[in-house]
Amino acid sequence: MDTTKTSAPNAAEADTTPVDLEKTETAQDAATEAKADADLDAATDTGSALADADLDDDFSEDPADDEQPGHVGSAAFAIVSAGLSVVALSGSWVAGIVSERASVAARLELSQAADANAQIAAQFVNPWHTTAMVNGVFSALALIIATFVLALPAFSTPERTLPTWVRSVSWAGIGLGALGVLLFVLMYFDLLLAVPKAGAV
């Protein structure tokens, strides 16, 4: 009878041990799920922050895109001014056509009794002056356009500045345009080359 009395406590202990193990496993599973949920929330917050940062960068780039067409226009005008000044110094087909027309018109106005000086003026002097005038107009346009390009930032936002190469081309247009205008004055008023005169017969 003693053996039956000692077996009862062992049976009770055997019955309580699985229950304790199940509670421990349940607590561990709950802790694991809570940690996984916390990690997922942290990853979601990080992704949202990165997405917001990308949107902010996109919006911050818009002003630079808006300013780009202004630089393109300034660069185009600077190149045009330099081209006009080069054409004015080297000559153009427009100046050649106008010069030939002036020569023909002056010859038609000559009378058969015109002296040598009148013929020289009709054949040479009038075409020279016409060529100088056309080149002077091109030089003046180049000078005005280049000055406008350099002065444009002063009338816009303070943050706007022209690229270095645009300013360099504009200054080149101003220099060549001023040289063209000077040559126009010297040629048109016969200060650079004197008009040939026929000797007395």
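How many aromatic pairs does a search of the whole structure find? The answer is four. Before we look at some of them, keep in mind that what you see is a predicted model.

Let's start with one pair that ties the chain together. Phe77 and Phe148 meet edge-to-face, with their ring centres 6.3 Å apart and an angle of 85° between the planes. This pair links distant parts of the chain: Phe77 sits in helix α1 (residues 2-90), while Phe148 belongs to helix α3, and their positions lie 71 residues apart in the count along the sequence. Are these two rings buried or exposed? Neither label fits: Phe77 counts as partly exposed because its relative accessible area is 43%, and Phe148 counts as partly exposed too, because its value is 46%.

Another pair brings together Tyr188 and Phe189, again edge-to-face, at 5.4 Å centre to centre and with 80° between the planes. Here the labels split. Tyr188 has a relative accessible area of 32%, so it is partly exposed, whereas Phe189 reaches 52% and is therefore exposed, the cut-off being over 50%. Phe184 joins in as well: ring pairs link Phe184, Tyr188 and Phe189 into a cluster.

Now step back and take in the whole chain. You'll find four helices and zero strands, so reading along the sequence gives the plain pattern α-α-α-α. Of the 201 residues in the chain, 19% are buried. The chain exposes about 14000 Å², and carbon and sulfur atoms supply 65% of that area. As for contacts between residues at least 6 apart in sequence, 80% of them join residues at least 24 apart.

What about the inside? In soluble globular proteins, nonpolar side chains tend to be buried together. In this model, the largest nonpolar core has five residues, namely Ala75, Ala78, Val149, Leu162 and Val166. Take Leu162 from that set and see what it touches. Neighbours within four places in sequence aside, Leu162 is in contact with His71, Ser74, Val149, Leu150, Pro153 and Arg167. One of these, Val149, is a fellow member of the core.

Helix α3 (residues 116-151) is worth a visit for Leu141, which is found there. Leu141 has a relative accessibility of 40%, which is why it counts as partly exposed. Its C-alpha atom is separated by 7.4 Å from that of Leu84, although the two residues are 57 apart along the chain.

Asn135 also lies in helix α3. Is Asn135 buried or exposed? It is buried, because its relative accessible area is 13%, and the label applies under 20%. Once neighbours within four places in sequence are set aside, the residues in contact with Asn135 are Val87, Ala88, Gly91 and Ala95.

Finally, let's go to the surface. Leu89, Leu179, Leu182, Leu183, Met187, Leu192 and Leu193 form a nonpolar patch there, and together they have about 600 Å² of accessible area. Which helix gives the most to this patch? That would be helix α4 (residues 164-188), with four residues. Leu179, one of the patch members, has its place in helix α4. With a relative accessible area of 40%, Leu179 is partly exposed.

Note on methods:
Residues numbered from 1 in each chain as written. Predicted model: local features only at pLDDT ≥ 70, side-chain atom pairs only at ≥ 80, totals over all residues. Heavy atoms only, no water. Core = buried A, V, L, I, M, F, W, Y, C linked by side-chain atoms within 4.5 Å. Buried < 20%, exposed > 50% of the residue type's maximum accessible area, 1.4 Å probe, protein only. Contact = heavy atoms within 4.5 Å. Helix = DSSP H or I, 4+ residues; strand = E, 2+ residues; numbered from the N terminus. Patch = residues over 30% accessible without salt bridge, like charges linked within 9 Å, V, L, I, M, F, W, Y side chains within 5 Å. Areas by Shrake-Rupley, 256 points an atom, 1.4 Å probe, with all protein chains shown as cover. Salt bridge = Lys/Arg side-chain N within 4 Å of Asp/Glu carboxyl O. Phe/Tyr/Trp six-rings, centres within 6.5 Å; stacked < 30°, edge-to-face > 60°.
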